[in-house]
Every structure is written in structure tokens, then in C-alpha cells.
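Open the model in your viewer and keep the selection tool at hand. This tour moves from one stop to the next.

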Amino acid sequence: MKTIILAFGTRPEATKMAPVYTALQQTEGLRPLILSTGQQRVQLDGALSAFGIRPDEDLQVMTERQTLADLTGKIVPQAGKMLRRMGADMVLVHGDTTTSFCVALSAFYEGIPVGHVEAGLRSGSLSEPFPEEANRRLTGVLSTLDFAPTSGAATNLRREGKPEGGLFVTGQTAVDAVRMVAGRVPLRPEWQARLDAGQRLVTITMHRRENLPVMPELARALAEVAAAHPELYFVYPVSLNPAVREAVFPVLSNLSNLELCEPLDYHDMAPLMAASELLATDSGGLQEEGAALGVPVAVLRNVTERPEGVAAGVLKLAGNDGPQVRRVLLELLADPETLSRMKQARNPYGDGQAAGRVAQAVAWHFGLSERPQDWIDSELD
Ligand code: UD1
């Protein structure tokens with residue numbers, strides 16, 4: 001029996017790793033365990049509860065207003081010891097967080113092979129998103145197995161010289177996750193009542209570190225868009241990061257058709273996104289979830305590491321300049337034809353079977369299975 005540790009610490013990692021955990025549980029010869037770093041103590045539990053999963057171990061590294069260096073200084077020495085204690089034969093990390101990079105580094109020092117889920121995304125700019133672009137590149141240097149969600153991400157890894165043998169195109173596990181929850185869980189009654197009364201929903205999220213300096217300006221743009229569209233009801237779950245809250249609350253509190261709420265558990269977030277007319281966000285995961293649900297996404301960033309959604313037509317880069325974001329959102333909302341075209345765009349991120357491919361690849365690594373077939377998005381190639 002091989003022990004596979006899934007290590008993560010933030011909400012999006014938990015959501016996207018939950019289907020992988022389930023798939024590993026169903027794979028003969030593999031025993032998955034979860035190591036939480038606790039980078040985001042509160043938000044993580046809410047993400048996992050939607051899937052009925054609990055961490056087996058928790059490093060509890062989070063402190064109020066932690067810096068990236070604080071996190072790194074705590075995770076690197078602790079994770080390796082814990083992985084040894086848990087009997088890790090392999091550790092799986094996800095994407096681009098500081099948790100992922102630090103656990104990968106720690107595992108590398110311990111001689112434990114690393115599998116990287118959501119490998120190969122690149123914006124091409126080390127400063128956007130910061131520090132995620134560096135985290136995912138550094139994790140890629142340390143990983144033995146790379147699970148690229150798209151053929152484009154695999155191409156990025158080949159360009160960086162990653163060996164073909166450890167490279168798999170799996171599709172994006174966010175598609176698996178959103179399908180496991182949306183459609184099965186009802187929308188919160190208060191938002192359903194808005195829909196029943198003829199209002200349409202827009203979901204907003206903003207938390208990127210590189211957007212912090214412009215966040216008050218972005219918030220003002222959103223306030224103006226909300227004022228121009230009383231027929232819409234905007235729901236904005238605000239990150240627990242105090243720097244984000246200080247930027248957003250003074251501008252967006254007390255608007256009649258914009259609700260600021262606490263971060264949502266996935267069983268509230270998934271139906272909210274699915275019922276929305278539009279997502280306006282600087283998040284990475286919401287770009288994939290919007291594409292999977294057929295909900296248009298205005299991306300509040302200058303660059304995206306998810307160009308497939310822009311090419312397919314479901315994502316629109318709106319930048320992070322207040323007046324420009326205001327203009328792009330007002331144009332989109334006044335243009336039902338474009339919105340409807342975006343809704344019908346093909347989902348370039350997967351078929352909902354990504355987690356099964358990851359599990360099979362891990363089993364293949366240990367000689368327990370055939371190598372999985374890559375997921376091929378033929379329309380993209
Ligand atoms: C981190 C990830 C980002 C991911 C996001 C999802 C890094 C570098 N960034 O962003 O890629 O999209 O999580 O949420 O890993 N805090 C609380 N309670 C919580 C969570 C956070 O108080 O439950 C506070 C922390 O004390 C911290 C701040 O919020 O000071 C930011 O938390 P952090 O985990 O560093 O999040 P981000 O960098 O915003």
C-alpha cells in the first residue's frame with residue numbers, strides 16, 4: 001500500500017484537490033491522507049466540508065497578518081518532518097500557493113517524490129500574479145510528476161525541459177469539483193428570492209496581492225456599475241485578508257443592490273456562481289469554474305495564465321484599472337448578445353474526469369496501473 005499525501009493550505013487548493021482525494025481513495029493500492037498547512041485556517045474548513053473531507057494532520061501555521069516569509073519559515077521545516085511521520089511515499093501539491101512551493105521544497109529535501117496538480121500554468125510575468133507565478137515555476141522545478149490541466153500548460157512545461165515521462169494532460173480538477181457540487185445543492189434562499197423577484201445575480205471576488213494598491217479604485221468602479229444596474233444584485237464574498245477588507249468595506253458597504261458577505265463555503269459558492277449572469281473576479285479558480293458552468297467571467301487582471309478561456313470566448317480580460325474595469329463591465333452588461341455568446345462558449349478546461357487521470361498516473365508511477373490516456377481538447381489543437 002502506497003501512502004499518498006495531499007498537502008494544501010488554502011481554499012482553492014482544497015476545492016480542487018477534493019476530487020483527487022476521492023479518486024485516490026477508489027484506487028487499489030493507494031492510501032490518500034491529507035496534510036493541511038493551515039495557511040488559511042477558517043477558509044479551508046469551509047471548502048472541505050462541501051466534500052465531507054477532513055485533514056488528517058494540520059500544521060496550523062496561520063497567524064494574523066502573516067507575511068510570505070513568515071509562512072515559508074514555518075512550513076518548510078515542519079512539512080518534511082510531518083511527511084516522514086505520515087509515511088509518505090509521494091506528496092501531491094497543487095498550483096501556485098506558498099503552501100505548495102514550501103511543501104514541495106520540504107519533500108524534495110526529504111527525498112519524497114512530488115506530484116504537481118495544476119502544473120504548467122504561466123502568465124509570463126513574475127509580478128502578476130505575485131507571488132503565484134514564482135511559486136508554480138519553483139514547484140515545477142521540484143516535481144517528478146506533472147499534471148497539466150490543458151495541452152497548453154503541458155507545452156509550457158515541455159518548453160522548460162520537463163521530461164515527457166512524468167508529464168500528463170489531465171484536464172482541470174476544478175471542473176470535477178464544480179460538477180460534484182453545483183446542481184446538487186440549492187442556491188441560498190435569500191438569493192433565490194432575488195431571482196424570483198426578477199433580479200439577476202453577479203458574483204464578485206477580489207483578493208490578489210498585486211491588486212491591493214488599486215483595490216479601492218476597483219471597488220469604486222464596482223460601486224458605479226452597481227448603481228447603474230438596479231436590476232442586478234451583486235454578491236461579493238470578501239476575503240479574510242485584512243488588507244483586502246480595509247480596501248473594500250469603506251467603499252462598498254451600504255449599497256442597496258450589492259451585498260458584502262463573509263467567504264462562502266463551496267456548497268454556497270458553487271450554486272451562486274452557477275446562478276450568476278456574470279463573474280467579476282481576479283481569482284484563478286473562478287475563471288475555470290465560470291467556463292465549466294457556462295457563466296461569463298470578467299477577469300480583473302492584466303494578464304491571465306488561463307488563455308484557453310479567453311480563446312474560447314468565456315473569459316474577458318478587463319484589466320485592473322478602475323475606469324477601464326468600469327467601462328468593460330458597463331459595456332458587457334449592456335450587451336446581451338455578447339453575454340449570451342460567452343455563455344455558449346466551449347469549456348476548454350476538462351471533461352470532469354481529471355481527478356481519475358491524476359490517480360491513475362500516481363498508480364502508474366508505482367507500477368500499479370497502465371499509464372492513463374491524456375485528456376485531449378481536440379478543438380484546441
Ligand atoms: C492565498 C494564495 C492565493 C490564493 C488565495 C485563496 C499564496 C501566496 N496566495 O492568497 O494564491 O488564491 O490564498 O484564498 O499562497 N487570513 C485570515 N483567515 C483565513 C485566511 C487568511 O485571517 O482564513 C489572513 C491571514 O492572516 C493573512 C491574510 O489573510 O495575513 C492573507 O492570507 P494568505 O493565505 O496569505 O492569502 P493570500 O495571499 O491572499
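Which strands does helix α12 lie across? Select residues 285-293 to find out: helix α12 lies across β8 (200-205), β11 (276-281), β12 and β13. The helix runs at about 160° to β12. Axes here are lines fitted to C-alpha atoms, for helices over the stretch in contact, and angles run from 0 to 180 degrees between N-to-C directions. Helices (H or I, at least four residues) and strands (E, at least two) are DSSP runs, numbered from the N terminus.

A word on the model before moving on. It is predicted: local features need pLDDT of at least 70, side-chain atom pairs count only at pLDDT 80 or more, and totals for chains, interfaces and linings use all residues. Residues are numbered from 1 along each chain as its sequence is written, and side-chain values use heavy atoms, with hydrogens and water left out.

**Stop one: the six-stranded sheet**

Add helix α14, residues 322-333. This helix packs on the sheet and touches β9 (232-237), β11, β12 and β13. Contact means heavy atoms within 4.5 Å. The direction of α14 makes about 170° with that of β11.

Now show the sheet itself. It is open, with six strands in the order β10-β9-β8-β11-β12-β13 and parallel pairing. Two strands pair if DSSP finds at least two bridges between them. Why is one side of β10 (258-261) and of β13 (315-317) left without a neighbour in the sheet? Both stand at the edges, each with a single partner strand. From one strand to the next, the twist averages 20°.

Zoom in on strand β12, residues 297-299. Three bridges pair β12 with β13 in the parallel sense. Pick valine 297: leucine 315 in β13 stands opposite.

**Stop two: the seven-stranded sheet**

Move to the other sheet on this tour. What is the order of its seven strands? The order is β3-β2-β1-β4-β5-β6-β7, in an open sheet with parallel pairing. β3 (57-58) and β7 (167-169) are at the edges with a single partner strand each, so each has one side without a neighbour in the sheet.

Select helix α16, residues 354-365. This helix packs on the sheet and touches β1, β2 (30-36), β4, β5, β6 and β7. Its direction makes about 160° with that of β6.

Next, select β4, residues 90-94. Five of its five residues are buried, so the strand is largely enclosed by the rest of the structure. Buried means under 20% relative accessible area, exposed over 50%, and partly exposed in between (1.4 Å probe, protein chains only). Check both faces of β4: Met90, Leu92 and His94 are buried on one side, Val91 and Val93 on the other. In a regular strand the side chains alternate between the two faces of the sheet.

Now look at the partners of β4. Strand β1 (residues 2-8) runs parallel to β4, joined by three bridges. Isoleucine 4 stands opposite methionine 90. Strand β5 (residues 114-117) is also parallel to β4, with four bridges. There, valine 91 has valine 114 as its bridge partner. One step on, β5 and β6 pair in the parallel sense over three bridges. Glycine 115 has leucine 145 of β6 as its bridge partner.

**Stop three: threonine 150**

Where is threonine 150? Look in the loop between β6 (145-148) and α6 (151-159). Threonine 150 is buried, with a relative accessible area of 2%. Leaving aside neighbours within four places in sequence, its contacts are Val169, Glu308, Pro348 and Tyr349.

**Stop four: aspartate 268 and its helix**

Select α11, residues 266-274, where aspartate 268 lies. Seven of the nine residues of α11 are buried, including Tyr266, Met269 and Leu272. Aspartate 268 is buried too, at 16% relative accessible area. Beyond its neighbours within four places in sequence, aspartate 268 is in contact with Arg188 and Trp191. Select alanine 47 as well: the two residues are 221 apart in sequence and 9.9 Å apart in space, C-alpha to C-alpha.

**Last stop: the ligand**

Which helix gives the largest share of the shell around the ligand? Helix α2 (residues 41-49) does, with three residues. Now select histidine 207: an N or O atom in its side chain is 2.9 Å from an oxygen atom of the ligand.

Methods
Polar contact = N/O pair within 3.5 Å; in protein donor to acceptor, adjacent residues only side chain to side chain.
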